[in-house]
Amino acid sequence: MKKGLIIVFTGNGKGKTTAAIGQAMRAVGQGLKVLMLQFIKGTWNYGELESIKRLEPDFKIQPMGKGFVCSNSKLNEKEAKENVTQSWAQARNEILSDKYDMIILDEINYVISYGLLPVDEILTLFDEKPGRLHLILTGRDAHKSIVEKADLVTEMKEVKHQYSKGIKAQKGIEF
């Protein structure tokens with residue numbers, strides 16, 4: 001029986017979600033079923049939403065967030081916490097359902113680092129998940145306990161970014 005891996009894409013550089021989608025594309029190409037749950041994204045029309053729809057039912061994506069949860073957020077702390085609580089309950093159900101071969105918890109590391117979800121919830125789920133399920137976690141500031149428990153961790157490091165030149169986010173690049 002194959003062992004489902006715990007994979008983490010973290011760091012301050014661009015490409016964490018993109019790397020997870022690349023991993024999912026490889027999995028779908030091998031006949032695996034993939035679900036991507038997005039914990040923060042949900043209010044913009046991201047390019048990946050349209051392209052992944054073309055791969056359904058083998059690859060499904062579900063934005064569950066209500067926008068960024070940081071100092072410039074439109075959400076107050078209570079709304080953000082309620083959204084994360086609902087999103088986490090859904091993610092837990094999907095993971096334990098054993099319907100997928102790979103589940104991506106996009107931006108879950110942010111949710112943990114912002115204190116909206118205790119890291120113990122994730123660590124417990126690692127032990128409860130179906131043994132064959134690959135679980136991918138993305139977002140900056142991966143908790144050290146998650147990094148220790150993971151089978152594969154890649155840190156994206158920003159070397160240079162167009163934002164520093166005043167170039168705004170562009171279709172097909174950032175969203």
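Author: Before we start, a nonpolar core here is a set of buried Ala, Val, Leu, Ile, Met, Phe, Trp, Tyr and Cys residues joined through side-chain atoms within 4.5 Å. Keep in mind that this is a predicted model.

Reader: OK, so which residues have the most contacts inside the largest nonpolar core?

Author: That core has 32 residues. Strand 1, strand 2, helix 3, strand 4, helix 4, helix 5 and strand 5 each give two or more residues to the core. The residues with the most contacts inside it are Leu 105 and Leu 137.

Reader: Which residues does Leu 105 touch, leaving out those up to four places away in sequence?

Author: Among them are Leu 37, Phe 39, Trp 88, Ala 91 and Ile 95. The rest of the list is Leu 135, Ile 136, Leu 137 and Thr 138.

Reader: And how many residues are in the second, separate core?

Author: Val 28, Met 36, Met 102 and Met 156 are included in that one. The count for this second core is 18 residues.

Reader: Let's look at the sheet. Which strands stand at its edges?

Author: The sheet is open, its pairing is parallel, and its 6 strands come in the order 3-2-4-5-1-6. An edge strand has a single partner, so one side of it is left without a neighbour in the sheet. That description fits strand 3 and strand 6.

Reader: How much are neighbouring strands turned against each other on average?

Author: Direction is ignored for this one, and the value is an average over neighbouring strands of the sheet. It comes to 10 degrees.

Reader: What is the bridge partner of Ile 103 in strand 5?

Author: Strand 4, residues 102–106, runs parallel to strand 5, residues 134–138, and 4 bridges join the two. For Ile 103, the partner in strand 5 is Leu 135.

Reader: What angle does the direction of helix 3 make with that of strand 4?

Author: Helix 3 packs on the sheet and touches strand 2, strand 3, strand 4 and strand 5. Its direction and that of strand 4 make an angle of about 165 degrees.

Reader: Is Ser 87 buried or exposed?

Author: Ser 87 sits in helix 3, and beyond its neighbours within four places in sequence it contacts Phe 39 and Met 64. Its relative accessible area is 2%. Since the cut-off for this class is under 20%, Ser 87 is buried.

Reader: How far apart in space are Asn 76 and Lys 171, C-alpha to C-alpha?

Author: Asn 76 is in the loop between strand 3 and helix 3, and is partly exposed at 41% relative accessible area. In sequence, Asn 76 and Lys 171 are 95 residues apart. In space, C-alpha to C-alpha, the distance is 28 Å.

Notes:
Residues numbered from 1 in each chain as written. Predicted model: local features only at pLDDT ≥ 70, side-chain atom pairs only at ≥ 80, totals over all residues. Heavy atoms only, no water. Helix = DSSP H or I, 4+ residues; strand = E, 2+ residues; numbered from the N terminus. Buried < 20%, exposed > 50% of the residue type's maximum accessible area, 1.4 Å probe, protein only. Contact = heavy atoms within 4.5 Å. Pairing = 2+ DSSP bridges. Axes fitted to C-alpha atoms, helices over the stretch in contact; angles between N-to-C directions.
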